[in-house]
Amino acid sequence: MGHGVQFIILNSDEAFGKQLRTTLHRMDNVRIVAEVGEIALVRQAVDQFPADVLLVNLDPAPEAVLPIAGEIASANPRLAVFAVSESKDSELILKVLRTGLREFLTKPIDVSALSEAIERVASTKVDTVSRGRLITVTGAAGGTGATTLATNLAVELAQLAEGRVTVVDLDYRCGQVATFLDIDATYSLADLAQAAEHVEQQMIERTLVKHASGVQVLSRPATFEQADTITASACVGVLSSLLQCNEYVVTDGPSRFDPRGQSVYDFSDMNLLLVQLLVPSVRSALRTVEALREAGANLERWRLICNRIGLESVHLSVADAVETIGLPSFASLPDDWPTVSGAINLGEPLLSHGPKSKIRTAIADLASRLHKPQAGGDDADTHKKGLIGRIFAGSS
Ligand SMILES: Nc1ncnc2c1ncn2[C@@H]1O[C@H](COP(=O)(O)OP(=O)(O)OP(=O)(O)O)[C@@H](O)[C@H]1O
Ligand SMILES: [Mg+2]
């Protein structure tokens, strides 16, 4: 079922929002694609984001929210609208159901009642086409090697996958994925983002550039001006369209300064957080993880990758990084400056530039463990074998 059931949330109560996010993020078949705090913004969110469920918190003013929720429900028959309230008033429940809303849930949310409601939506989904998996690579600090990993991981996955593989450059302003693969793109993410509500297959075909290795590339916008127009919702819309025709979509970024990044993290099946064994890098990773936890993200979909091992690991070990940051390590990548810098300068993937190099072998191994989770889980350091399999199995 790919990304399963996609949620838009209307809620202005911060404490309830956190509980709800935490509950939903724990469900493997659920993705939150947008959250809005005001009823006035809901229609726009429903138009922009691909969603199956709109969950509205009726409190504190059900009479203000209900009529609009009802109008949205009748205008969007494929969208299931769930209402949540602390009230158990039977009049209100009746009103909710008469307004055309699909479910009424009382606070505190009963997880099994919510799961059953989601299951009902999942079982009636018309769109049962199996979708690909989204893997996001984020550098804990600048220059950690995120573009190197994202680009080469996508190239390696393209060798393993039966379906298509696309790498998307989400470093909107300064992304270098096209440079790493020596590609000239006429169109970019900005062109697809303009029509994110219904990106047509033909548009996707025109925009992606196919590299000799088989991977397809969606480049960053040409100008800063275009880069700054891409909204979080448009980006999720584009990724959602790409996932319908790809076995894997790998993103480089979003850049760590980008507040729009959270929706991409939440939408991803797997987030790889890249660090180097340097105190500032580990500290930045910890800050990222703390912010994610605070936002109610599902950290089970996050893994640590230590890059450039063998160079800086004088005072810090992988085990130190794992312990400090609190994420399991999925892989460690060796330091290999001559091979990596040579590949970058020539615009070649490691697959062709240094097929036998240690760094290429490590990324190819990482790709095969993501592709065939049963072949191995996390690093032995973290004793969590098989978890990756569970995560990916849950979303397929
Ligand atoms: N495993 C490695 N061994 C040696 N050098 C590496 C390795 N990985 C990355 N590098 C080097 O680190 C530098 C930064 O790499 P890269 O551009 O992939 O990082 P980034 O995290 O995408 O940076 P930015 O924050 O600028 O987007 C490059 O010069 C690259 O050659
Ligand atoms: Mg980069």
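This report describes a sheet and the helices that pack on it in a predicted model.

The sheet is open and has eight strands, in the order β8-β9-β7-β10-β6-β11-β12-β13, with mixed pairing. Its edges are formed by β8 (209-210) and β13 (329-334), each of which pairs on one side only. Strand β12 (residues 302-309) pairs with β13 in the parallel sense, over four bridges. Within that part of the sheet, I309 has P334 in β13 as its bridge partner.

Two helices, α6 and α14, touch strands of this sheet, as listed below.

| Helix | Strands touched | Direction |
|---|---|---|
| α6 (residues 146-160) | β6 (133-139), β7 (165-169), β10 (248-252), β11 (270-276), β12 and β13 | about 165° with β10 |
| α14 | β11, β12 and β13 | about 150° to β12 |

Helix α14 (residues 318-325) also has a helical neighbour, α13 (residues 279-294): their axes come within 9 Å and cross at roughly 30°. Angles under 35 degrees count as roughly parallel, and α13 and α14 are therefore roughly parallel to each other. Their crossing is right-handed.

On the α13 side, the contact is made by V282, A285, L286 and V289, which meet A321, T324 and I325 in α14. Six of the residues in this contact are nonpolar and one is polar, with no charged residue.

Helix α14 thus appears in two settings: it lies across β11, β12 and β13, and its residues A321, T324 and I325 meet α13.

Notes:
Residues are numbered from 1 along each chain as its sequence is written. Chains are lettered from A and ligands numbered from 1 in the order in which they are written. This is a predicted model: local features need pLDDT of at least 70, side-chain atom pairs count only at pLDDT 80 or more; totals for chains, interfaces and linings use all residues. Side-chain values use heavy atoms; hydrogens and water are left out. Axes are lines fitted to C-alpha atoms, for helices over the stretch in contact, and angles run from 0 to 180 degrees between N-to-C directions. Angles under 35 degrees count as roughly parallel, over 145 as roughly antiparallel, 65 to 115 as roughly perpendicular and the rest as oblique. A crossing is left-handed if the near helix is turned anticlockwise from the far one by less than a right angle, and right-handed if clockwise. Contact means heavy atoms within 4.5 Å. Ala, Val, Leu, Ile, Met, Phe, Trp, Tyr, Cys and Pro count as nonpolar, Asp, Glu, Lys and Arg as charged, and the others, Gly among them, as polar. Two strands pair if DSSP finds at least two bridges between them.
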